[in-house]
Amino acid sequence: MSPSFSRKSPALRPHDRGRRSRTLTIGAILLLATGVVQADDFIVYSPHVLATQSEIELRGYSYSDPRADFNGGRAAELSISHAFTDWWKPEIYLTRYEKEPGGSGRLLGYEFENTFQFTQPGEYWADFGFLASYEHQIVADKQDAFEFGPLVEKTVGRFTHRFNAIWEKQVGAGASGKYEFRYSYSGTYAVSAAFRPGIEAYGRPADHAYQAGPIVAGEWHVPGTTSSLEYRFGVVLGLNAAAPRRTWLAQVEYEFF
C-alpha cells in the first residue's frame, strides 16, 4: 500500500515472557489503529525471503498534526504470508483500515503482495529483490492499483541499510494514467538482535511530501520454538509543509516455521 499525503483524500498509502511481550506490542498497535493514527504504507521492505517461514503482521500509523488536512488521520492493516521457496513470498492483507482526516474510519479492501529475492545475501555488493502487489478496493471512491519496484539491502558490520523505489498505477474504470512514485530508506545499527535503533525516511514527490525520523526495531526468539517476534516503533517528522508534522509508526510481526 502506498501512503498518501494528499489532503483528505490520501492515496498513498515463549513462554510467558514472550507471550506477554507479544500481547503488549499488539495492544499498542491496536491502540494506534483505533485512536491516534493516519496514512498507510510506512515500511521499508527487505528483499530477503526465508523459505517455509510464515508470518502474521499487524502495522499502523497515525498523524499527529493539528492542521485540518491531517488531524485525525490513521490507518492499520493485518496480513499473513508464507515463503513457498527461498525466493518467493506471497502475502495477503486480510484487513486494511483507514480513517481520513475529518472523515470516518472504514475498511478499504484487500491486497495480494509478492516479494521476490533475486540475489543471495552477500553475493554482490548489495542484496536485491523486487516487490509486486495488487490492491483491490471495496470502497467506491478508490481505485484498484498495481505496485512494483526494486528492493535493496546492504549490511556492513552492525549497520543495515535498505532502500525501496516503488511505482503505483491505478487500474479499472476511471483510473489515472499516471504512475505515482515513492521511495523509502531505513538505516539501523544492531546493538543487539532485540535492539536496533535507526532512522527511516519517506519521499512522495507527487504529493511534495518528505519525512524522516527515528525508529527502533528488534527481534526476540521465542525460547524452545522456531518462532520469533519482531517489532518496530518510531516517528517520522515532516520535512516540509506538505507532509504531516509527525507520523507515529508501529509494527509487530510473529514469524514461525
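This is a tour of one predicted model, stop by stop, with a selection to make at each.

Residues are numbered from 1 along each chain as its sequence is written. Because the model is predicted, local features need pLDDT of at least 70 and side-chain atom pairs count only at pLDDT 80 or more, while totals for chains, interfaces and linings use all residues; side-chain values use heavy atoms, with hydrogens and water left out.

**Whole chain**

Start with a cartoon of the whole protein, which has 1 helix and 13 strands. Both are DSSP runs numbered from the N terminus: H or I of at least four residues for helices, E of at least two for strands. Read along the sequence, the order is α-β-β-β-β-β-β-β-β-β-β-β-β-β.

Switch to a surface. The accessible surface comes to about 11,900 Å², and 64% of it belongs to carbon and sulfur atoms; the areas come from the Shrake-Rupley method with a 1.4 Å probe, and for residues only the protein chains shown count as cover. Of the 257 residues, 47% count as buried. Buried means under 20% relative accessible area, exposed over 50%, and partly exposed in between (1.4 Å probe, protein chains only).

**Nonpolar cores**

Select Phe42, Val44, Tyr61, Tyr63, Phe70, Ala75, Tyr202, Val236 and Leu249. These 9 residues make up the largest nonpolar core, a core being a set of buried Ala, Val, Leu, Ile, Met, Phe, Trp, Tyr and Cys residues joined through side-chain atoms within 4.5 Å. A second, separate core has 6 residues, including Ile43, Tyr93, Leu131 and Ile166. In soluble globular proteins, nonpolar side chains tend to be buried together.

Within the largest core, centre on Val44. Leaving aside neighbours within four places in sequence, Val44 is in contact (heavy atoms within 4.5 Å) with Arg162, Phe163, Asn164, Ser184, Tyr185, Ser186, Glu200 and Tyr202.

Move to Phe70, in the loop between strand 1 (54-63) and strand 2 (74-82). Phe70 has a relative accessibility of 2%, so it counts as buried. Measure from its C-alpha atom to that of Gly102, 32 residues away along the chain: the separation is 8.2 Å.

**Aromatic pairs**

Show the aromatic rings next. The whole structure holds 17 aromatic pairs. Rings of Phe, Tyr and Trp (its six-membered ring) pair if their centres lie within 6.5 Å; planes under 30 degrees apart count as stacked, over 60 as edge-to-face and the rest as tilted.

Select Phe42 and Tyr202. Their ring centres are 5.1 Å apart and their planes stand at 80°, so this pair is edge-to-face. Phe42 is in the loop between helix 1 and strand 1 and Tyr202 is in strand 10, so the pair ties together parts 160 residues apart in sequence. Both Phe42 and Tyr202 are buried. Add Tyr61, Tyr63 and Phe70 to the selection to see one aromatic cluster.

For a stacked pair, go to Phe118 and Phe130, with 6.2 Å centre to centre and 15° between the planes. Phe118 sits in the loop between strand 5 (109-117) and strand 6 (127-137), and Phe130 in strand 6 itself, so this pair links parts 12 residues apart in sequence. Phe118 is exposed, at 54% relative accessibility, whereas Phe130 is partly exposed, at 26%.

**Salt bridges**

Now colour the charged side chains. A search of the whole structure finds 17 salt bridges, each a side-chain nitrogen of Lys or Arg within 4 Å of a carboxyl oxygen of Asp or Glu.

Select Arg182 and Asp41, whose salt bridge is 2.9 Å from N to O. Arg182 lies in strand 9 (residues 179-189) and Asp41 in the loop between helix 1 (16-36) and strand 1, so parts 141 residues apart in sequence are tied together. Both Arg182 and Asp41 are buried.

Then take Glu57 and Arg59, with their closest N and O atoms 2.4 Å apart; both are buried.

The next stop is Glu180 and Arg204, where the closest N and O atoms are also 2.4 Å apart. Glu180 is in strand 9 and Arg204 in strand 10 (residues 196-204), so the bridge ties together parts 24 residues apart in sequence. Glu180 counts as partly exposed at 27% relative accessibility, and Arg204 as buried at 2%.

To finish with the charges, select Asp41, Glu57, Arg59, Glu77, Glu147 and Arg182, which salt bridges with shared partners join into one network.

**Thr160**

The last stop is Thr160, in strand 8 (residues 159-171). Not counting residues up to four places away in sequence, Thr160 touches Glu153, Lys154, Thr155, Ser186, Gly187 and Thr188.
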